[in-house]
Amino acid sequence: MSDDLRTDHRIEPLTAQQVHDRAAEGLALLLRDAVDGGASVGFLAPLEHAEAAAWWREAAEQTARGVRSVWAAYGPGDAVVGVITLVRATLPNQPHRGDVSKLLVHRDARGRGLGSRLLAAAEEAAAAEGLTLLVLDTETRSAAEGLYRRAGWTRAGTIPHYALTPTGVPHPTTYYYKLLTAP
């Protein structure tokens, strides 16, 4: 990645077919980069390429069913440098709620506002479809916590020993929520 990423990325929603087509390449590589960089995003290190690609193929199936939406950020040469997903609650008493999941920015593209732009894209789409509450969880004391606070998310609480870091160490997780105003 290069310094050109400061201004040269576009964010686009992906169809289920696009998620499937990018599962084995850009998306799997991005997920592996996050895990290799120590991000607690549901996987242990070392994350095998096949496992990362399989996770994205399942995400493509969820996208086809309308349960998950995926946005990708592209840098120069159409390299996938970031992604975010929005998972809709499927229970009958929660049609207003969604979970923000897998906000990933390649280590070489961090610190340039891309995470904030991806988060805003998911929030805007959620509000446009009538969702009024978003929730997420993140590793306590991670850099992501600052991003969520700056974006107006409210800390709901922390659960000790909630998840393992990529190296297998139990770590607390903090939950956040954001109330949206539907257009």
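Arg 97 has its place in strand E4, and its side chain makes a polar contact of 2.6 Å with the side chain of Gln 94. The structure is a predicted model, and its chain has a mean pLDDT of 94, with 95% of the residues reaching 70 or more. Over residues 1-6, however, the pLDDT is below 50, and beyond near neighbours in sequence this stretch has 13 contacts in the model. The points below begin with strand E4 and the largest pocket, and then turn to helix H4, strand E7, strand E1 and the backbone.

**Strand E4 and Arg 97**

- When neighbours within four places in sequence are left aside, Arg 97 is in contact with Arg 88, Ala 89, Leu 131, Leu 133 and Val 135.
- Of these partners, Arg 88 falls within strand E3, which covers residues 80-88, while Leu 133 and Val 135 fall within strand E5, which covers residues 133-139.
- Strand E4, which runs over residues 97-105, also gives the most to the lining of the largest pocket, with seven residues.

**The largest pocket**

- The largest pocket has a volume of about 1,100 Å³, and of the 42 residues that line this pocket, the closest to its centre are Val 41, Leu 103, Thr 138, Ala 144 and Tyr 148.
- At least two lining residues come from each of strand E4 (97-105), helix H3 (114-128), strand E5 (133-139), helix H4 (143-150), strand E6 (154-164) and strand E7 (170-179).
- By residue type, the lining of the largest pocket divides into 21 nonpolar, 13 polar and eight charged residues.

**Helix H4 and its surroundings**

- In helix H4 the residues Glu 145, Gly 146, Leu 147 and Tyr 148 are buried, and what covers the buried residues of this helix includes E4, H3, E5 and E7.
- Tyr 148 is thus named twice, as a buried residue of H4 and as one of the residues closest to the centre of the largest pocket.
- Ala 143, which also has its place in helix H4, counts as exposed because its relative accessibility is 74%, a value over the 50% cut-off for that class.
- The C-alpha atoms of Ala 143 and Ala 39 are separated by 9.8 Å, although the two residues are 104 residues apart along the chain.
- Just after H4, Gly 152 takes a positive phi of about 90°.

**Lys 178 in strand E7**

- Lys 178 is found in strand E7 and counts as buried because its relative accessibility is 16%, which is under the 20% cut-off.
- The side chains of Lys 178 and Glu 123 are joined by a polar contact of 2.9 Å, and Glu 123 falls within helix H3 (114-128).
- Not counting residues up to four places away in sequence, Lys 178 touches Glu 123, Thr 132, Leu 133, Leu 134, Ala 151, Gly 152 and Trp 153.
- Two of these residues recur elsewhere in this briefing, for Leu 133 is also in contact with Arg 97, and Gly 152 is the residue with positive phi just after H4.

**Pro 13 in strand E1**

- Pro 13 is found in strand E1, which covers residues 10-14, and counts as exposed because its relative accessibility is 55%.
- Pro 13 and Trp 71 are 58 residues apart in sequence, yet 4.2 Å apart in space from C-alpha to C-alpha.
- Beyond residues up to four places away in sequence, Pro 13 touches Gln 18, Val 70 and Trp 71; Val 70 and Trp 71 fall within strand E2 (68-74), and Gln 18 falls within helix H1 (16-36).

**Backbone geometry**

- The peptide bond from Ala 45 to Pro 46 is cis, with omega near -5°, and Pro 46 lies in the loop between helix H1 (16-36) and helix H2 (49-64).
- Asp 78, in the loop between strand E2 (68-74) and strand E3 (80-88), has phi near 60°, a positive value in a residue other than glycine.
- With a relative accessibility of 47%, Asp 78 counts as partly exposed.
- His 161 lies in strand E6, and its phi is near 55°, again a positive value in a residue other than glycine.
- With a relative accessibility of 63%, His 161 counts as exposed.

Note on methods. Residues numbered from 1 in each chain as written. Predicted model: local features only at pLDDT ≥ 70, side-chain atom pairs only at ≥ 80, totals over all residues. Heavy atoms only, no water. pLDDT = per-residue confidence, 0-100. Contact = heavy atoms within 4.5 Å. 1 Å grid on protein atoms, 1.4 Å probe; cavity = no way out; pocket = protein on both sides within 12 Å on 5 of 7 lines; lining within 4 Å. Points joined across faces, edges and corners; volume = space filled by probe spheres on them. Helix = DSSP H or I, 4+ residues; strand = E, 2+ residues; numbered from the N terminus. Nonpolar A, V, L, I, M, F, W, Y, C, P; charged D, E, K, R; others polar. Polar contact = N/O pair within 3.5 Å; in protein donor to acceptor, adjacent residues only side chain to side chain. Buried < 20%, exposed > 50% of the residue type's maximum accessible area, 1.4 Å probe, protein only.
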